[in-house]
Amino acid sequence: MAEPIWNRFADAVRLYAQYSGVSLRAQMQYKFSFFIMSLAQLLATATEFLGIWALFGRFGSLKGWTLAEVGLFYGLIGVTFAIADALARGFDTFSELVKSGDFDRILLRPRSTALQISARDLLLTRVGRLVQGIAVLGWAIHSLPVLWTLPKLALIAAVIAGGVALFYGIFVLQATLSFWTIETLEIMNVVTYGSTEAGQYPLTIYRPWFRAFFTFVVPVASINVIPANLLLDRIGTSGWPAICAWSSPLVGFIFLAASLQLWRCGVGKYTSTGS
Amino acid sequence: MSGYAAVFSARFRMLLQYRAAALAGFGTQLFWGLIRVMIFEAFFASSSHAQPMRLDETITYIWLGQALFALLPFRTDPDVSQMIRTGSVAYELVRPVDLYGFWYARAVADRVAPTVLRAIPMMIVAWLFLGLRPPASWECGVAWGIATVGAVLMSGAITALMTISLLWTMAGDGIARLMPTIVLFFSGMLVPLVFLPASFQPIVDALPFRDIIDVPFRIYMGHLPPSQWPALLAQEGIWLAVLIGLGRWFLSRSMRRLVVQGG
Amino acid sequence: MPQILVENLVKTFRIAERQPGIGGAIKGLVSRRYRTVKALDGISFSLEAGELVGYIGPNGAGKSTTVKALSGILVPDSGKCVVLGHVPWKDRQAYVAQIGVVFGQRTQLWWDLPVVESFDLLRAIYRVPQPQYAAKRDELIALLNLEPLLDVPVRQLSLGQRMRCDLAAALIHSPSLLFLDEPTIGLDAVSKLAVRDFVRRLNRDDGVTVILTTHDMDDIEALCSRLIVIGGGHILSDGTLDDLRNRVARQRWLILDLAQAGVVVEDPDITVIAQDGSRVTLAFDPAMVPPAALISRITAKYEVQDLFVQNPPIETIIARLYGEAQ
């Protein structure tokens, strides 16, 4: 296509915004339900952190990490996952599309399939989790005895962006599996929610094989210890040099790009074997 | 009595069919358990203070929790909530049967069936590979069994109450959505209750939720000596009576409301 | 250059065979047995712009496979296919922007949204400029009587209303080629007529090429000048309706209303198809016996109160064609 890439991007964003507007308006019709679900999520995540606080009260520290430091990890992954979950809802429920045959309709429209799926749904109710994540992150940043320079804050923003890309990529991967099997593989749920659970704590506290999985297979480490070590002035105590910390957000984007490639393969498989 | 047994067994058999779903959850539970164990291992390695529970006991607690996860009253009765949504529950409410009894039997079955499917393989695997210890003594084991029955009854009563609250649409939806979090925390599933600060203990001791997870597990480990069992049983009995009574009362009020409105 | 050119399209599917019983299910996890189904076995035809073609065949004949390949969502194993200057599955986005597809059994509209919002979304998806969109939308609303339905959520529409909206939705972007897959299925008589009327006008006045897949023979008779019959992955017949009639059997029906019931009608040149009280349906070959001669013979021999001559319904013709193919 001769169209300049900027125009195509703006066009895609416009379409995405239109879809999102539709989705949001539909959800806002159910105001009470939205309020209650957000409250429930807020409560759920708050009690989660309450549990961590209680354990710190008993044990004092977690392998050298303080509560405020754990709060940084917890807040980062909470915010990241909430945003990704809200944005990637279309991929989360993709297997229904394949089952019902409605994916054919997506193929009949002159737009990228990934764009259409991603724009399908924007889940508002994740806001409860988002608020709690922001609260914990804010508290952690405030309580930590760290000098928060502008580059560091920028890194936090970048880590969140990279994390959203990473989780988005996991959702895309999960959806791509639907092209090969109708059964929703429990494995993928474990990867998605398991990554969230595991990433709430510094990965260093886990057993080596666990750490390796979340560093090299699903690179949660890129939004966990690798940048955190730099943010918390702990460089030197772990094996990763500073340059890795600064570039760690990119890992999430690379993961997303790889997932989208696999998605394209999945679409190719779908069109050659039919539904 | 035979009516309730029939309802229970029918529901139980139906739920047993969902073998695939039960087995699928196995991987998830395994993963969750492993993470929790690793977290506690890290915590225990970080402090030399004496703790209210030893590490090996905590690990047993965690695996028992994963095995018996389905006991927790997380969901309302899906069929009844569907009926309420479509309005056809009105037919149920005006029937001359002990509706609470039936709903209670179903609630209990809803908890027992998935638990049985999941608990046995999980406990075997955990015992063989993951550090689940046997009960502290055979008396503790038997007492644990009885306590688990009590847990089932308690969970059923809470589930039934949640389902009944759905009849009051707005408030009920709210209760149904907030309950899982409250249950998760106060049952000891999130964190064993002994680890909570001392100031929390009176509250958690007063509430019935610990009877589902925390109390049976601690009996299993021998943490709660036989001398305390009668008092625990009495408290559990009182709560059961209260919850069942509340459930019956709310239900009859719904029925009366319906009759007054003309059905 | 024809608008649609299909040459030797071949498509084979591999379907995993499910083995019975629990033992089979477990075995199935490890090794799968596959059954190959040849959905298309060398399909060839061509269409000029502006034709209205019926594409019919029994279930499993390869109709939907052909339509899927032509609409770009299925890649065939071999064969050539050029539609509107594109190979459908190769330039998907550029190609589908020029076609419209209506599935009778699935709507493309957004279930919870008012109809007009679905149209707006489609405008954005197909990148239709605002003035063109407004004009086209209003034209379709007028033609299909959609004014009272615009603010109604799609889930609240009746089947007939939904189909009219789906037709409009498929044409928002003014495609030059329209695929209709069972558009009148489940509709009441009035809606069927409305749909047929609309499609006829669309084809005649706007020159939109239409490929109609249907099991409803009334649709065929009302709309299609050309009929392609597919069976077992092959084209069985490609021509006009009359060609088809002549090809399968030169047969006409003579329906008699006799004065009395239960009379047995006999004649060397006829076969009795049906007898219902005083109404008798006879079949004869107009090439063997001129209709006028047959009528005078019958009316001389029997007491006939009323009679009509007609072509046999298409179903019988098609059924015979399928039967021949077997």
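**Entry 1: the sheet in chain C**

I began with strand β10 (residues 252-258) of chain C, which pairs with β13(C) in the antiparallel sense over six bridges; the model I am reading is a predicted one. Looking for the partner of W253(C) in β13(C), I found that the bridge goes to Q310(C).

I then traced the sheet to which these strands belong, and it is an open one of four strands in the order β11-β12-β10-β13 of chain C, with antiparallel pairing. Its edge strands are β11 (271-276) and β13 (304-310) of chain C, each of which pairs on one side only, and the twist from one strand to the next averages 20°.

Which helix packs on this sheet? I noted helix α10 (residues 291-301) of chain C, which touches β10, β12 (279-284) and β13 of that chain and whose direction makes about 160° with that of β13(C).

**Entry 2: two residues with positive phi**

I looked up the backbone angles of two residues in chain C, bearing in mind that most residues other than glycine have a negative phi. S174(C) has a phi near 50°, a positive value in a residue other than glycine, and I located S174(C) in the loop between α6 (159-171) and β6 (177-181) of chain C. I count S174(C) as partly exposed because 16 other C-beta atoms lie within 10 Å.

The phi of E182(C) is likewise positive and near 50°, and E182(C) is found in the loop between β6 and α7 (189-206) of chain C. Is E182(C) buried or partly exposed? With 19 C-beta neighbours inside 10 Å I put E182(C) down as partly exposed, because a residue is called buried if 20 or more other C-beta atoms lie within that distance.

**Entry 3: nonpolar cores**

I turned next to the cores, since in soluble globular proteins nonpolar side chains tend to be buried together. The largest nonpolar core has 216 residues, and those with the most contacts inside it are L76(A), Y168(A), L167(C) and A168(C). Helix α9 (residues 150-177) of chain A supplies the largest share of this core, 14 residues.

For L76(A) I listed the contacts beyond its neighbours within four places in sequence, and these are L137(A), V159(A), I160(A), G163(A) and I223(A). A second, separate core of eight residues includes L256(C), V280(C), L282(C) and F284(C).

**Entry 4: chain A as a whole**

I counted 13 helices and zero strands in chain A. To judge its overall form, I compared its radius of gyration of 20 Å with the value near 19 Å that a compact globule of 275 residues would have, and the two agree. Along the principal axes, the C-alpha atoms of chain A fill a box of roughly 60 × 45 × 40 Å.

Buried residues make up 46% of the 275 residues in this chain. Of the contacts in chain A between residues at least 6 apart in sequence, 79% join residues at least 24 apart.

**Entry 5: where the chains meet**

Which two chains share the most contacts? Of the two pairs of chains that touch, chains A and B have the most contacts, whereas chain B and chain C do not touch, their nearest C-alpha atoms being 12 Å apart.

Between chains A and B, I found 31 residues of chain A in contact with 25 residues of chain B. On the side of chain A that touches chain B, α2 (31-59) and α10 (186-199) of chain A each supply at least two residues, and the largest share, 15 residues, comes from α2(A). By residue type, that side of chain A divides into 17 nonpolar, eight polar and six charged.

Methods
Residues are numbered from 1 along each chain as its sequence is written. Chains are lettered from A and ligands numbered from 1 in the order in which they are written. This is a predicted model: local features need pLDDT of at least 70, side-chain atom pairs count only at pLDDT 80 or more; totals for chains, interfaces and linings use all residues. Two residues are in contact if their C-beta atoms, placed from the backbone, lie within 7 Å. Ala, Val, Leu, Ile, Met, Phe, Trp, Tyr, Cys and Pro count as nonpolar, Asp, Glu, Lys and Arg as charged, and the others, Gly among them, as polar. A nonpolar core is a set of buried Ala, Val, Leu, Ile, Met, Phe, Trp, Tyr and Cys residues joined through C-beta atoms within 7 Å. A residue is buried if 20 or more other C-beta atoms lie within 10 Å of its own, exposed if 12 or fewer, and partly exposed in between; C-beta atoms are placed from the backbone. Two strands pair if DSSP finds at least two bridges between them. Axes are lines fitted to C-alpha atoms, for helices over the stretch in contact, and angles run from 0 to 180 degrees between N-to-C directions. The radius of gyration is taken over C-alpha atoms; the globule rule is 2.2 Å times the number of residues to the power 0.38.
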